[in-house]
Amino acid sequence: MTLKKSASLALMALAVSFFIGCSSKEDREKYDQWYGSGSKSREEAALVKLQSDRKAAAEKAEAEAAAKPAETAAKPAAGDSTAAAAPAADAAPKRKPVPAEVSALLNKHTCFACHQAYDKVIGPAYSEVAKKKYTADQIVELVHNPKPEHWPGYPPMAPLAHVPKADIIVIANWINSL
């Protein structure tokens, strides 16, 4: 008799704790923002902002390109003409192609779903990660156990503990070469 009573009390306690919930309303709202119905609107807003940023950058580049020939035409020619062309070439960032081996690993582990080499998608571009000067071991740790405080303004990355350390080191060495 006491076994039935204690079992039913334990079941009731379990049910009550489940209905009360393990997390607060704030936690549920935050989860919904990142992973639930709020994620769609957040992703759409991010895509619209990305498109407008790209458009603004393209317009700025066109305006600068239009202004440069006018500046060079206004200046008298002094010295070598190749010296004037060199700064214009240095102004554009150099974009190295992704090596085939690294590209295969990035596709295999679906890294390209959130990251690109030079463009922001959902997560930061790999060129931005390279600017943080993480070591290969630090990148391995951040892939296996991400720390959202390292990248404010980005959605938190899911831990990817299933990705082998050797694969991450190959990717990390490429990131650090950017």
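How many aromatic pairs does a search of the whole structure find? The search finds 2, and we will visit one of them on this tour. Keep in mind as you go that this is a predicted model.

**Start with the confidence colouring.** Colour the chain by pLDDT. The average is 79, and 75% of the residues score at least 70. Now select residues 77-91, where the pLDDT is below 50. Apart from near neighbours in sequence, this stretch has 0 contacts in the model. Where pLDDT is low, the predicted coordinates should not be read in detail. You can hide that stretch for the rest of the tour.

**Next, select helix 8.** Helix 8 covers residues 165-177, and the remaining stops involve this helix.

**Add helix 5.** Show residues 100-108 alongside helix 8; the two axes are 10 Å apart and the packing angle is about 125°. That angle falls outside the ranges for roughly parallel, antiparallel or perpendicular, so helix 5 and helix 8 are oblique to each other. Their crossing is left-handed. To see the contact, turn on side chains for Glu101, Val102, Leu105, Leu106 and Lys108 of helix 5, then for Asp167, Val170, Ile171 and Trp174 of helix 8. Sorted by class, this contact has 6 nonpolar and 3 charged residues, with no polar ones.

**Now swap in helix 7.** Select residues 136-144: the axis of helix 7 comes within 9 Å of the axis of helix 8, and the two cross at roughly 120°. Helix 7 and helix 8 are therefore oblique to each other. Which hand does the crossing of helix 7 and helix 8 have, left or right? This crossing is right-handed. On the helix 7 side, display Ala136, Asp137, Ile139, Val140, Val143 and His144. They meet Lys165, Ile168, Ile169, Ala172, Asn173, Ile175 and Asn176 in helix 8. By class, the contact between helix 7 and helix 8 has 8 nonpolar, 3 polar and 2 charged residues.

**Last stop: an aromatic pair.** Back to the 2 aromatic pairs found in the whole structure. Zoom in on Tyr126 and Trp174, whose rings sit edge-to-face, with 5.5 Å centre to centre and 70° between the planes. This pair links distant parts of the chain: Tyr126 belongs to helix 6 (residues 126-131) and Trp174 to helix 8, 48 residues apart. You have already met Trp174, one of the helix 8 residues in the contact with helix 5.

Methods. Residues numbered from 1 in each chain as written. Predicted model: local features only at pLDDT ≥ 70, side-chain atom pairs only at ≥ 80, totals over all residues. Heavy atoms only, no water. Axes fitted to C-alpha atoms, helices over the stretch in contact; angles between N-to-C directions. Helix = DSSP H or I, 4+ residues; strand = E, 2+ residues; numbered from the N terminus. Parallel < 35°, antiparallel > 145°, perpendicular 65-115°, else oblique. Left-handed = near helix turned anticlockwise from the far one by under 90°. Contact = heavy atoms within 4.5 Å. Nonpolar A, V, L, I, M, F, W, Y, C, P; charged D, E, K, R; others polar. pLDDT = per-residue confidence, 0-100. Phe/Tyr/Trp six-rings, centres within 6.5 Å; stacked < 30°, edge-to-face > 60°.
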